[in-house]
Each structure stands twice: as structure tokens, then as C-alpha cells.
Amino acid sequence: MTIHVIAPGDRPARAAILLFHGGGWVQGSPEQFFPQCRAMAQRGILAASGVYRLVGGGADSPADCLADARAAISEFQGIAASHGLGEVAVGGGSAGGQLALAATLIDPVGPAPSRLVLFNPVVDLCCGFDAGLLALVGLTPRQAAALSPAHHAQSGLPPTLIFHGTADRLAPISAVRDLCTATGARLVEFEGAEHGFFNVSPYYEQTLDRMAAFLLGPGE
């Protein structure tokens with residue numbers, strides 16, 4: 001199984017989003033985004049949480065995680081089409097945000113996502129990751145650069161919404177600000193919030209409302 005899908009019941013789906021969990025590519029599970037998926041489904045959005053192999057658990061490096069993310073996106077696009085939706089949004093948190101961004105920016109395969117929703121994404125694997133940490137996930141510095149969305153930043157990124165805390169020490173907000181300047185992505189900063197802030201109240205509710213409005217359009 002590559003995705004867990006939560007449909008909006010008997011109502012026609014109005015939008016679709018696939019999210020990838022965080023955990024530094026070595027831990028975590030799709031259950032991280034089950035609450036968001038259930039909340040999106042209640043608002044008429046076809047939502048899914050993606051599965052990918054973890055480094056040390058079937059994956060040799062984040063490159064394998066990315067290959068799995070690409071497969072999940074392709075599968076979800078087919079599922080969305082069966083619900084009458086021609087476009088899907090993709091997103092994720094932390095390492096999952098890196099996967100969503102990398103699948104869109106780096107050698108994309110298939111139709112691009114219509115939108116991106118990212119929660120404190122890792123945009124530069126060379127920022128804050130020394131050679132020792134990179135070795136733990138099976139990467140050399142050169143490979144880390146090749147998988148870093150910030151090193152492939154360009155205009156033309158689909159509409160992108162990024163939630164990030166200003167006190168994030170694992171994924172520094174400075175790198176995200178630079179990415180937004182280069183791509184035109186929209187950044188919503190949460191003053192004093194640390195990494196993973198979006199999983200707890202009141203940030204969970206605040207990001208949830210903004211994500212739904214972004215996916216459904218003005219007036220939602």
C-alpha cells in the first residue's frame with residue numbers, strides 16, 4: 001500500500017490532497033497526517049496520507065523515499081480522477097515536505113501537482129546537516145545537494161503555501177524564505193514556533209483552516 005485515502009463520504013469531492021509524513025526519512029508513519037486528512041474530508045476534500053520506505057527500513061537513502069513518493073503521487077492522481085478530479089495537491093511535513101517539493105522540482109515525472117501545501121519543510125539538506133548526519137541517511141554532500149529543493153528553486157512552481165515557525169532549529173526558516181523569494185511561494189510564519197508546531201493546538205487548527213481555504217479557493 002502506498003497511500004491511505006479518506007474520502008468525503010457521499011458528497012462529491014471538491015479538491016484533493018496527498019500528504020507525506022516527516023521523521024527525517026528514518027522514522028515516522030502516515031498516521032501523522034490522519035487528523036488533517038479526516039478534517040479535510042469533512043470539508044469535501046479527498047485526502048490521503050502517503051507511505052514510503054524509510055532509510056534503514058527498505059530504503060538506502062532519501063532518493064528511495066522520493067521514488068516511493070513519486071509512485072504514491074501517480075497512484076493518487078488516478079484515484080482522484082475516479083472521483084472526477086483532474087488535479088491534485090501534494091504536501092507534507094519536514095522530510096515529507098522535502099519529498100513533495102522534490103517530486104515537483106527535481107526531474108518531475110507525470111503531471112505536476114496543482115498546488116503544494118508544506119509544513120516546516122526541509123528545503124536544503126546541506127543546511128544544518130553535517131557529513132555525519134548525512135551519512136546516517138546514506139547521502140554524500142553532493143547527493144544531498146542534488147536532492148535539495150532549494151538547489152533547484154525556480155519560478156513556475158505551482159501555487160505553494162508554506163507554514164513555518166520562526167524558531168525552527170531543524171529546518172531554518174532562512175532557507176525557506178530564500179526559496180519563497182526564488183519561487184514566489186507564499187510563506188506563513190508562526191512567530192516563536194518550533195519544528196513540528198503544526199501538530200499541536202492552536203497551530204493545528206490555524207494551519208488546518210488556512211490549508212482548506214487554499215485548496216478550496218476564496219470564500220472558504
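Me: Which backbone oxygen lies 2.7 Å from a polar atom of the side chain of S49?
Reply: In this predicted model, the oxygen in question belongs to the backbone of P30, and the distance to a polar atom of the S49 side chain is 2.7 Å.

Me: And where does S49 lie, in which strand?
Reply: S49 is part of strand β3, and with a relative accessible area of 0% it is buried.

Me: What does S49 touch, if I ignore residues up to four places away in sequence?
Reply: With those set aside, S49 touches T2, I3, H4, L18, L19, P30, F33, F34 and C37.

Me: C37 is a cysteine, so how many disulfides does the count come to?
Reply: The count comes to zero disulfides. A disulfide is a covalent bond between the sulfur atoms of two cysteines, and for C37 the nearest cysteine sulfur, which belongs to C65, is 19 Å away.

Me: Is C37 buried or exposed? What about C180, buried or exposed?
Reply: C37 is buried, since its relative accessible area is 0%, and C180 also counts as buried, with a relative accessibility of 9%.

Me: Back to C37 for a second: which residues in helix α1 are buried?
Reply: Helix α1 covers residues 34–42, and its buried residues are F34, Q36, C37, A39, M40 and A41. As background for reading such a pattern, an α-helix has 3.6 residues a turn, so residues three or four places apart point the same way.

Me: What covers the buried residues of α1?
Reply: The cover includes strands β1, β2 and β3, together with helix α7, which spans residues 203–216. After α1 comes G44, and the phi of G44 is positive, near 90°.

Me: New topic, the sheet. How many strands form it, and in what order?
Reply: Seven strands form an open sheet, arranged as β1-β3-β2-β6-β7-β8-β9, and the pairing among them is mixed. The edge strands, each pairing on one side only, are β1 (residues 3–6) and β9 (residues 186–190). From one strand to the next, the twist averages 15°.

Me: What do you mean by pairing being mixed?
Reply: Strands of a sheet pair through backbone hydrogen bonds, either parallel or antiparallel. For one example here, strand β6 (residues 89–93) and strand β7 (residues 115–119) pair in the parallel sense, over five bridges. Within that pair, A89 stands opposite R115 of β7.

Me: Which strands does helix α2 touch when it packs on the sheet?
Reply: Helix α2, residues 62–82, touches β1, β2, β3 and β6, and its direction makes about 160° with that of β2. Helix α3, residues 95–105, packs on the sheet as well, touching β2, β6 and β7, and its direction makes about 145° with that of β6.

Me: OK, now the inside. Which residues touch the most other members in the largest nonpolar core?
Reply: That core has 48 residues, and the ones that touch the most other members are L18, F20, W25, F76 and L101. The elements that give two or more residues to it are β2, β3, β4, α2, α3, β7 and α6.

Me: Take F76, what is it in contact with?
Reply: Leaving aside neighbours within four places in sequence, F76 is in contact with I3, A16, I17, L18, L46, A48 and V88. There is also a second, separate core of 26 residues, and its members include A89, L161, A193 and L215.

Me: Anything in the backbone I should look at, say, which residues does a cis peptide bond join?
Reply: A cis peptide bond joins S201 and P202, with omega at about 5°, and P202 is found in the loop between β9 and α7. For context, most residues other than glycine have a negative phi, and most peptide bonds are trans.

Me: Which loop is S94 in, and what is its phi near?
Reply: S94 is in the loop between β6 and α3, its phi is near 55°, which is positive although S94 is not a glycine, and with a relative accessible area of 12% S94 is buried.

Me: And D107, is it buried or exposed?
Reply: D107 is exposed, with a relative accessible area of 61%. D107 lies in the loop between α3 and β7, and it has a positive phi of about 45° without being a glycine.

Me: Last one: where is the place of L157?
Reply: L157 sits in the loop between α5 and β8, and it is buried, with a relative accessible area of 13%. Apart from neighbours within four places in sequence, L157 is in contact with L101, T104, L105, L116 and T183.

Methods: Residues numbered from 1 in each chain as written. Predicted model: local features only at pLDDT ≥ 70, side-chain atom pairs only at ≥ 80, totals over all residues. Heavy atoms only, no water. Pairing = 2+ DSSP bridges. Helix = DSSP H or I, 4+ residues; strand = E, 2+ residues; numbered from the N terminus. Axes fitted to C-alpha atoms, helices over the stretch in contact; angles between N-to-C directions. Contact = heavy atoms within 4.5 Å. Buried < 20%, exposed > 50% of the residue type's maximum accessible area, 1.4 Å probe, protein only. Polar contact = N/O pair within 3.5 Å; in protein donor to acceptor, adjacent residues only side chain to side chain. Disulfide = S-S within 2.5 Å. Core = buried A, V, L, I, M, F, W, Y, C linked by side-chain atoms within 4.5 Å.
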